[in-house]
Amino acid sequence: YFLLRKTDEGIENQQRYLHESQQRLEQLARHSRTIAWEVNEEGVYTYISDIVYEVLGYSADELIGTYFYDLHPINGREEFKQNAFEVFKRKMSFSNLKNRVVSKEGKTIWVMTNGIPLLSSDGRLLGYRGNDTDITEWQKAEDAIIESRNLLDNIIDTIPIRVFWKNRSLRYLGCNTLFAHDAGLQSPSELIGKDDYQMGWS
């Protein structure tokens with residue numbers, strides 16, 4: 001009786017530990033807006049976590065049985081599909097693949113995708129297991145930085161004065177087109193890394 005009781009307690013402790021671990025993983029996935037998924041060798045969803053509803057507005061049941069590439073925007077979908085199946089063909093793992101999906105409401109969502117191949121004992125591809133993390137806000141911030149940088153570059157390049165900037169070693173990091181032409185160069189990129197001793201006026 002004592003041994004049976006200890007065995008039951010051990011099983012209960014293991015079940016409790018597994019349940020708590022599952023809750024932790026779900027909380028982390030929900031916080032990071034990470035969708036777990038599995039597809040078969042044809043790219044059909046066989047599993048997708050419930051967090052997909054929070055990110056894309058679809059229930060898991062709506063997506064199971066559909067192709068993963070159907071979530072990609074129509075523009076560029078065929079190329080995306082071909083590239084994906086080239087990876088499938090090679091049975092390669094992939095990580096930090098930035099791509100777009102379309103939500104149920106028609107909004108474009110940027111995700112970072114990771115995946116590993118699922119292989120049979122004889123090496124045959126069974127499918128892929130992976131996750132998609134919503135990086136839309138991060139992508140918007142990156143786009144805003146690029147837009148601001150381009151705007152600043154345009155302003156610097158069109159003002160009627162010579163502009164340049166250097167690092168602490170007094171080597172040029174950049175300049176506007178007007179300054180580059182005064183230095184006898186075709187473009188500002190030719191100036192980068194040089195110092196005044198390498199210029200025509202030294």
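**Exercise 1. Backbone and exposure at Lys91**

Task: In this predicted model, determine whether Lys91 is buried, partly exposed or exposed, and describe its phi.

Solution. Start with the accessible area: Lys91 has a relative value of 38%. The cut-offs are under 20% for buried and over 50% for exposed, with partly exposed in between. Lys91 is therefore partly exposed. Next, place the residue in the chain: Lys91 sits in the loop that runs between α4 and β3. Last, read the backbone angle: the phi of Lys91 is near 55°, which is positive in a residue other than glycine.

**Exercise 2. Backbone and exposure at Asn96**

Task: State which element holds Asn96, and classify the residue by its accessibility.

Solution. Asn96 belongs to strand β3. Its relative accessibility is 56%, and the cut-off for exposed is over 50%. Asn96 therefore counts as exposed. The phi of Asn96 is positive, about 55°, although Asn96 is not a glycine.

**Exercise 3. The largest pocket**

Task: Give the volume of the largest pocket, then work out which residues and elements line it.

Solution. Begin with the volume, which is about 390 Å³ for the largest pocket. The lining has 20 residues, and those closest to the pocket centre are Phe68, Phe80, Phe94, Leu97 and Thr113. Then assign the lining to elements: two or more residues come from each of β1 (34-40), α4 (77-90), β3 (94-102) and β4 (108-119). Strand β3 provides the largest share, six residues. Finally, sort the lining by residue class: 13 are nonpolar, five are polar and two are charged.

**Exercise 4. The largest cavity**

Task: How many cavities of 30 Å³ or more are there, and what lines the largest cavity?

Solution. The count is one cavity of 30 Å³ or more. The volume of the largest cavity is about 40 Å³. Its lining consists of Ile35, Tyr45, Ile48, Val52, Leu56, Leu71, Val101, Val111 and Asp132. Among the elements, β2 (45-48) and α2 (52-56) are those that give two or more residues to this lining. By class, the lining of the largest cavity holds eight nonpolar residues, no polar residue and one charged residue. To identify the charged one, note that Asp is in the charged class; Asp132 is in the list of lining residues.

Terms used: Residues numbered from 1 in each chain as written. Predicted model: local features only at pLDDT ≥ 70, side-chain atom pairs only at ≥ 80, totals over all residues. Heavy atoms only, no water. 1 Å grid on protein atoms, 1.4 Å probe; cavity = no way out; pocket = protein on both sides within 12 Å on 5 of 7 lines; lining within 4 Å. Points joined across faces, edges and corners; volume = space filled by probe spheres on them. Helix = DSSP H or I, 4+ residues; strand = E, 2+ residues; numbered from the N terminus. Buried < 20%, exposed > 50% of the residue type's maximum accessible area, 1.4 Å probe, protein only.
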